[in-house]
Structure formats: structure tokens, C-alpha cells
2 protein chains.
Amino acid sequence: MTMSDVARLAGVSKMTVSNVVNNRAGVSEPVRRRVMEAIRQSGYRVNVSARTLRSGRTGVIGLAVPDIDSPYFGHLASHVIDEAGQRGFHVAIEETGAAATGEADAIAHSRTLQFDGLILSAVELNRRDDLTDADYPIVMLGEQDFGGRFDHVAMPNEEGTKAATAHLVDQGCSRIAIVTGGLEGVNMVTRRHEGYLAALAERGLGHDPALHFALADMSMEAGWDAAQRIADRDRPVDGVVAVTDTVAQGVLRGLADRGLRVPDDVRLIGFDDIPGAKFMVPSLSTVAPDHGWMAAKAVELVADRIHTPLRPAGQYVAPFKLEIRESTR
Amino acid sequence: MTMSDVARLAGVSKMTVSNVVNNRAGVSEPVRRRVMEAIRQSGYRVNVSARTLRSGRTGVIGLAVPDIDSPYFGHLASHVIDEAGQRGFHVAIEETGAAATGEADAIAHSRTLQFDGLILSAVELNRRDDLTDADYPIVMLGEQDFGGRFDHVAMPNEEGTKAATAHLVDQGCSRIAIVTGGLEGVNMVTRRHEGYLAALAERGLGHDPALHFALADMSMEAGWDAAQRIADRDRPVDGVVAVTDTVAQGVLRGLADRGLRVPDDVRLIGFDDIPGAKFMVPSLSTVAPDHGWMAAKAVELVADRIHTPLRPAGQYVAPFKLEIRESTR
DNA sequence: TTGTATGCGTTATCAG
DNA sequence: CTGATAACGCATACAA
């Protein structure tokens, strides 16, 4: 069922059908009706591939995340789909598996599949990697630092973690652990660690490297494991800053398994404000970045760059607020 | 940068380039090397739209879910992406918003965007709806009943809920509430309710309609709300079957807010085994369907139907097991 | 206001 | 084993 078929059915040329389909001016009302009727009867649909081949645009933007099977990225993806939809874009989601190769592949795929642009939530790729695709509309979302080469919508990593840590101090905590990843490079983990250190310094508390608990990955399992190590310590900890809410959920469970009560024995604060945070027992205090704002900004930036390829890269940081809940009361 | 350019660079015809790109037999080794080198130098990529226009296949399958911002569908989507990737398909995710219109739109979109097939996790569309697209490869995933018109990979709704309810009885519960949706039609809610009734009957317990707590939607908020109504009752409840783990999480939190202890005062069991279930406090007992199996089956069915359009529709039910955790100990 | 010719980049077919 | 040619379905430019 092609435009030609519809044209024959309506007794017009296929160009007229094209004009009707694309709502172009210059078609008389009676002809338009006849064509619409022919379309309805025949069940005709435009062939997007043919249109794309001609126009060079697919109307699809890619969204590459480490893992949609995680509340945070699921939540973010949901916002991105919304925003993109409002601008007439479809979203294709790609999983990178939190690996630099997966992230590089996502860029290659995105071009191969001819997405109009890509929103990449990179956690491994960084400025040292050889990214030669800076001409293609890519927006970096999240944590990594690319030295200003790409549009970048960042999380309030330092500011947020600093506020979280300061909050723990203000609640009376003095031996505050941080549960996070390794400290190489410039990324989410190190940025958040900086915020932690800054708050301790500002509040006049010393910093004890033994209170840095490293994770194998950003999972609940890893958080649980860190909680075991925390509970094993001789000198108790009275506050924990978890690098994400997902990790915090594992910590919460791990502490419960060791009979440590939150917040009575240990106060705990996370980062992200995932949907489940306020339903945990106890409910989880957390740094709540404005996910809707991030998604909107990212989509706006890709859309904008598709239209204006040479605009200089923009750097943005999402606003946040501290959600104080039971885990730090 | 097109095939013709590469062909000129390599001193061959574009057909030969096509043959190399598609790993087709019948290209001599020296020519193949020359072409590969030309591709490398020029940074050529195939134009997927052109290929699609010619071949009629996009290599993309759509996955329509109510909401990826939910642990269950995020988890499922992750599995589907994996499985599809292994078969050389890309996945485009669409959100339906748990509405019949959204679900119908997803089908239309899927065809317009020329996906090779669609996996539709329908929660509202049902057999009475006018679905004229049965010729296009659609696999229904989940709950709704379509009277055998589509390939269907179902959850073990009745069997699972029956086992869950029986387990509560075996743990000594006698006044068991069910927290779920309204009881119209044949869908996840009613199927699971049937399982609940079947277990009560089998165990010789009466059924009290007052113990049916209806939800506005399948959210944690709604679960929390149901828990308030449960706590408000004069005659206490000693067991709760929640229609999903997400709802159960809300119930758990709602009971905690009312000072009811799980499992001491009330035992609670969910459905789905979302990633967070075993990290809740207390950890959540649940019906654990084999998500990997479901995803694999669904992808297999679409792939198969793309190849064999006229095969009769198949009906499958996912295997499950009961995960017994603290909430029902 | 409507129609005709042409080409987008690829692949199927068939000839060399 | 390699190449020429003709589609795939649509939209641009221009003619009528």
C-alpha cells in the first residue's frame, strides 16, 4: 500500500497525496477529502524509511543508560520519553552495561541506526577517551567530565553530597562513613567524595580514610556488603553517606541484618530520590535532584543541536533539594 | 559517504561493496581486503533507511510497557533487550501509561515506525477491543486475555497467587486480605483474585468480601493507602496478599506507619520478585516468575512470527517459584 | 491547484 | 567472481 495506490484510488497524483499527508498548503478542500477517504479505506501508512531516506531525519533520539533495570535510570528514562514525545521525537533506549566499550558502542549504534541525536548517560567513558564524534548531536547526561567538548547536563554531585554530609553533622553525627566506588579519575564517585570532604572540613570535622568504603559496583548487593564491613568495625560509625539510593537500600538492609538501627544507631542518607526512597522502612533521606528538569534540559539540548550543529557546548547542573526523612531524624 | 564513494575508492562496483558489507559469499579475498580498507579510511556507515526501504525490515522490535519507571517493567525490559540483542534485534521502548488508548497507539506507532514486530505488555486492552492488526507480529506479554488471537506469554497469575495465599494459611493466617484492583473483566487482577479464592477454598477457609481492598492504581502510594484502611478495621487482619511487589512495598510502609509489625502482627506476600524485594525491611516474600524465561519466550515468538506469519497463536505461562523471606516467617 | 521527472542509498537480479 | 540496472516509497523542483 503506497502513495501511488492511494493516488490511484483517489484519482489524483501521488504528489497530491503527499501534500495531504504532510498537511501542506495548496490542496483544495474537495480533493483533500477525497484523498483522506482513500487513505482511510486503504489503511495506508507512510513509509518512514522512504521518508527518512529522502529527508535525512528519523525523528528518533537514542537514550543510552548503563541499565534501565535500576530505579534511577528507569525514572530518568521515563522523563526523557515524556519530554521527547512533546517535541515530536521517539526514544530508543540502549543499555551500555556501565562499560566504556558499551558506551562507545552506543554512539556508533546511534549513528548507524541514524538517530537524530543521542543522550548518553556515561559512567565510564571520559575525557581521555578518543571520542571523534563531536560533530554528531550528543548530550552527556550525568556525571562524567568531558572537558566541555559536549553539551552536558550534570548532577549536583559536589553540592548535593556536601549538603547531605553537612546535614548528618548537624544531626549530631561525628564519625561519618562514605559508601562509594574507587577514587580514580573525575566522575560521579570522586565528585561526590569531594562534596563529602568539603562538608567535613567546613564543619570542622577531621577526615578518616578508613571511613571510605569502596563498592564493586552501584548495586544493592554491594551496599549490603559495605554495611557488613561497617558493622565489623571496632569503632562504631554514626552516619553513612551512600553514593546512590540503590546502594543506600542495600546498606539499610545490611545494617538491619546486623542489628544496627537506623537512625538510632546510625543515620543514613542517599542520593537520587528514587521512587522507592520514601517507602523504605525507615524512609530514606536523600539528595533529590530535579529529574524532570534534567530530562527536559537534555532533550532541549539535543533538539537544539540538531537544528544548530555548531553552537558551542553548554554545561548545566541540575537543581536539587534535600529530602529529610526518617533515616536521619 | 555512500557505497558508491567507497566503491570508487576501492576501484570496484558498489554491488561488491554491498556484498562485503553484508558478509556475503562470492567475494575474493584480495577484493574484500581492498574494500574493507576503503571503508575504514572513509569512515563509511551503511544507511539503514535505504537498506530498510529496500529490504522491508528494520531490525527493530518495539516493546510497549505501561511504565518503565517501575521496577517490574524495568527489569523485564532489561531482559527483553538482552534477548533481542542476541538475535540481532534492537529494541525501541514505548510507554503506554497503562491506558487502552496508549496501548492501541503503541500498535499504530509500531507499524508506522516499521518495527519488525511488537511485544506489548497490555494491562487495559482486552479481547473486546477492536484489534484489527492481528496480521502484524504482536506478542502479548503479561496479563490480559485475548482469547487466543495473539501469541501470549502469561504470568502464572492464578497458580502463583494460589500458592502465595496457601503459604500464608500454612503459616497460620486465617484472616487474609487481598490488596488489588477492581474485579471487572479478565485480567491480571481478576486472575490473581481467582487464585486467592482457590487457595482459601482448598484450605477450607471462608471468603470475606470485606477483605478485598481495591486500589486506584498499581503504585506504592495506593498500597500505602490500602494499608491505612486495613489498619482502620475493627477486626484485625493477619495476612495480606498484595497484587504486586510495588504495591506490597507501599503496604509495608503503610503498616509500619500504623505500628503494625510484619510478620509478627501481619504477614505480607507480593508478586513479581522485583530486585528490591529481598532488600526491603523486612525482606518481602513473593511469587517469583521467571522473568528471563518470559523475555526469551516473547522475543522468540516475535522473531518466529516475523519469519512465519501464519503460524497459529501460541499460549504460554511462565514458571514461577515462591520466594519465602522475612515478611511471612 | 495539480502533475511529472528525478534522485535519496541500498539490494535483487541477471548478465558478463 | 564482479558489475550494470532496476526497483524500494517518498519528496524536491519545476512544469503545466
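**Exercise 1.** Which side chain meets that of B:Glu326 in a salt bridge?

*Solution.* The model is a predicted one. Step 1: the partner of B:Glu326 is A:Arg253, with 2.5 Å from N to O. Step 2: apply the cut-off, a Lys or Arg side-chain nitrogen within 4 Å of a carboxyl oxygen of Asp or Glu. The pair of B:Glu326 and A:Arg253, at 2.5 Å, is a salt bridge. Step 3: across the interface of chain B and chain A, the rule finds two salt bridges.

**Exercise 2.** Describe the salt bridge between B:Arg253 and A:Glu326, and classify both residues by accessibility.

*Solution.* Step 1: the closest N and O atoms of B:Arg253 and A:Glu326 are 2.5 Å apart. Step 2: this pair runs between chains, with B:Arg253 in helix α10 of chain B and A:Glu326 in the segment after β12 (320–323) of chain A. Step 3: B:Arg253 has a relative accessible area of 5% and is therefore buried. A:Glu326, at 26%, is partly exposed.

**Exercise 3.** Give the extent of the interface between chain B and chain A.

*Solution.* Step 1: count the residues in contact, which are 46 of chain B and 46 of chain A. Step 2: take the area; the two chains bury about 3,900 Å² between them, and 58% of it lies on carbon and sulfur atoms. Step 3: look for the main contributors on chain B. B:Arg45, B:Arg253 and B:Phe279 supply 19% of the area that chain B buries against chain A, more than any other three residues.

**Exercise 4.** Describe the side of chain B that touches chain A.

*Solution.* Step 1: the rule finds 10 residue pairs in polar contact across this interface. Step 2: the elements of chain B that give two or more residues to this side include α4 (48–55), β2 (90–95) and α10 (245–257). Step 3: α5(B) gives the most, with six residues. Step 4: by class, this side of chain B has 19 nonpolar, 14 polar and 13 charged residues.

**Exercise 5.** How far apart are the closest N and O atoms of A:Asp265 and A:Arg261, and are B:Lys321 and B:Glu323 buried or exposed?

*Solution.* Step 1: A:Asp265 and A:Arg261 form a salt bridge, the closest N and O atoms being 3.1 Å apart. Step 2: B:Lys321 and B:Glu323 also form a salt bridge, at 3.9 Å from N to O. B:Lys321 has 52% relative accessibility, so it counts as exposed. B:Glu323 has 23% and counts as partly exposed. Step 3: over all chains the count of salt bridges comes to 42.

Conventions. Residues numbered from 1 in each chain as written. Chains lettered and ligands numbered in written order. Predicted model: local features only at pLDDT ≥ 70, side-chain atom pairs only at ≥ 80, totals over all residues. Heavy atoms only, no water. Contact = heavy atoms within 4.5 Å. Buried area = accessible area lost by both parts, 1.4 Å probe. Polar contact = N/O pair within 3.5 Å; in protein donor to acceptor, adjacent residues only side chain to side chain. Helix = DSSP H or I, 4+ residues; strand = E, 2+ residues; numbered from the N terminus. Nonpolar A, V, L, I, M, F, W, Y, C, P; charged D, E, K, R; others polar. Buried < 20%, exposed > 50% of the residue type's maximum accessible area, 1.4 Å probe, protein only.
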